[in-house]
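Visitor: Could you take me through one part of this model in some detail? I work with computed structures, so please keep the numbers in.

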Amino acid sequence: FASSSLDAGWKVNASTGNTIEVKDGSLEIRARMNTYAHVERPLDVDFVRATCGIEPAPAISWCTSLFVYWDAGNWCQIGIIARNGGCYYVLEMIDGKPHEYELGQCPFGSLRYVGIELAADCIRYLVGEDGVRFSDLAVRRRPDEYRSVPRLLVVGKGHGGEAGYIAADLN
């Protein structure tokens, strides 16, 4: 994300008390632990590469991430968690079952770039230091549950609304 404002295609979705705003061309997300705060937009295109810069904050599955979302039981994410001084984190929710991977050390507390690339037969999880050049962190088989065109691109922390959990504060 690099803009002076969110265009009309982006929808803000956040737990009460959390904030999302554009500051100095970047999206600033402030959220309590185990709550959500993200922006989302219709994707409606397949075979796509999406990337973003993340300055991580403490969290695990609710870490600030880039997500591609098909439906409530099928989505994938790449983010950065604080464990072991910082590492890349991938979660694939497939038919309602989470598959989590900690993939490689990453300096925690500095801006890092991540990406997701959808190919016909695989998903590439990408990392980079400059937002221009990326390398494959992991290449995973694209499951049958991800074979349709994804509905949403999501950037931020946790899930809510359509991509929601049903616990009181977790939506």
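Is Phe67 buried or exposed, and what surrounds that part of the chain?

Guide: Happy to take a close look with you. Please keep in mind that this is a predicted model. Phe67 is buried, with a relative accessible area of 1%.

A little background will help us place that residue. The protein chain has 13 strands and 0 helices, so to speak in the language of DSSP runs, and its pattern along the sequence is β repeated from start to end, β-β-β-β-β-β-β-β-β-β-β-β-β. Of its 171 residues, 45% count as buried. The chain exposes about 8,300 Å², and carbon and sulfur atoms supply 50% of that area. If we take the contacts between residues at least 6 apart in sequence, 54% of them join residues at least 24 apart.Now to the aromatic rings. The structure holds 2 aromatic pairs. In one of them, the ring centres of Phe67 and Trp75 are 6.1 Å apart and the planes meet at 65 degrees, so this pair is edge-to-face. The partner, Trp75, counts as buried too, at 3% relative accessibility. The other pair is made by Trp70 and Tyr146: their ring centres lie 4.1 Å apart with the planes at 10 degrees, so they are stacked. Trp70 belongs to strand E6, while Tyr146 sits in the loop between E12 and strand E13 (152-157), so the pair ties together parts that are 76 residues apart in sequence. Both of these residues are buried: Trp70 has a relative accessibility of 4%, and Tyr146 has a relative accessible area of 0%.

Strand E6 covers residues 64-71, and Ser65 has its place there. Ser65 counts as buried, at 0% relative accessibility. What does its polar side chain find in that setting? One polar atom of the Ser65 side chain lies 2.9 Å from the backbone oxygen of Cys63. The side chain of Ser65 also makes a polar contact of 2.9 Å with the side chain of Gln77. Setting aside neighbours within four places in sequence, Ser65 is in contact with Ile54, Gln77, Ile78, Gly79, Val154, Val155 and Gly156. Gln77 therefore appears twice in the picture of Ser65, as a polar partner and as a member of the contact list.

From there we can move on to the cysteines. A disulfide is a covalent bond between the sulfur atoms of two cysteines. The cut-off used here is 2.5 Å between the sulfur atoms, and by that rule the count comes to 0 disulfides. Cys87 is in no disulfide, and the nearest cysteine sulfur, that of Cys106, is 8.2 Å away. Seen from the other end, the closest cysteine sulfur to that of Cys106 is in Cys87, and 8.2 Å is too far for a bond. Cys87 is buried, with a relative accessible area of 4%, and Cys106 is buried at 2%.

A few loops round off the tour. Asp24 lies in the loop between strand E2 (19-23) and strand E3 (26-30). Its phi is near 50 degrees, a positive value in a residue other than glycine, and at 84% relative accessibility Asp24 counts as exposed. Asn84 gives another case of positive phi in a residue other than glycine, with a value near 55 degrees. The loop that holds Asn84 runs between strand E7 (74-81) and strand E8 (87-94), and Asn84 is exposed, with a relative accessible area of 57%.

Gly131 is in the loop between strand E11 (122-128) and strand E12 (135-141). This glycine is partly exposed, with a relative accessible area of 28%. Gly131 and Cys52 are 79 residues apart in sequence, yet their C-alpha atoms are 7.3 Å apart in space.

One last item for your notes concerns a charge and a ring: Arg41 lies over the face of Trp10, at 4.9 Å from the ring centre.

To come back to your question, Phe67 is buried at 1%, and its ring is paired edge-to-face with that of Trp75.

Terms used. Residues are numbered from 1 along each chain as its sequence is written. This is a predicted model: local features need pLDDT of at least 70, side-chain atom pairs count only at pLDDT 80 or more; totals for chains, interfaces and linings use all residues. Side-chain values use heavy atoms; hydrogens and water are left out. Buried means under 20% relative accessible area, exposed over 50%, partly exposed in between (1.4 Å probe, protein chains only). Helices (H or I, at least four residues) and strands (E, at least two) are DSSP runs, numbered from the N terminus. Contact means heavy atoms within 4.5 Å. Accessible areas come from the Shrake-Rupley method with a 1.4 Å probe; for residues, only the protein chains shown count as cover. A polar contact is a pair of N or O atoms within 3.5 Å; within protein, one must be able to donate a hydrogen and the other to accept it, and residues adjacent in sequence count only if both atoms are side-chain atoms. Rings of Phe, Tyr and Trp (its six-membered ring) pair if their centres lie within 6.5 Å; planes under 30 degrees apart count as stacked, over 60 as edge-to-face and the rest as tilted. A charge sits over a ring if NZ of Lys or CZ of Arg is within 6 Å of the ring centre and within 35 degrees of the ring normal.
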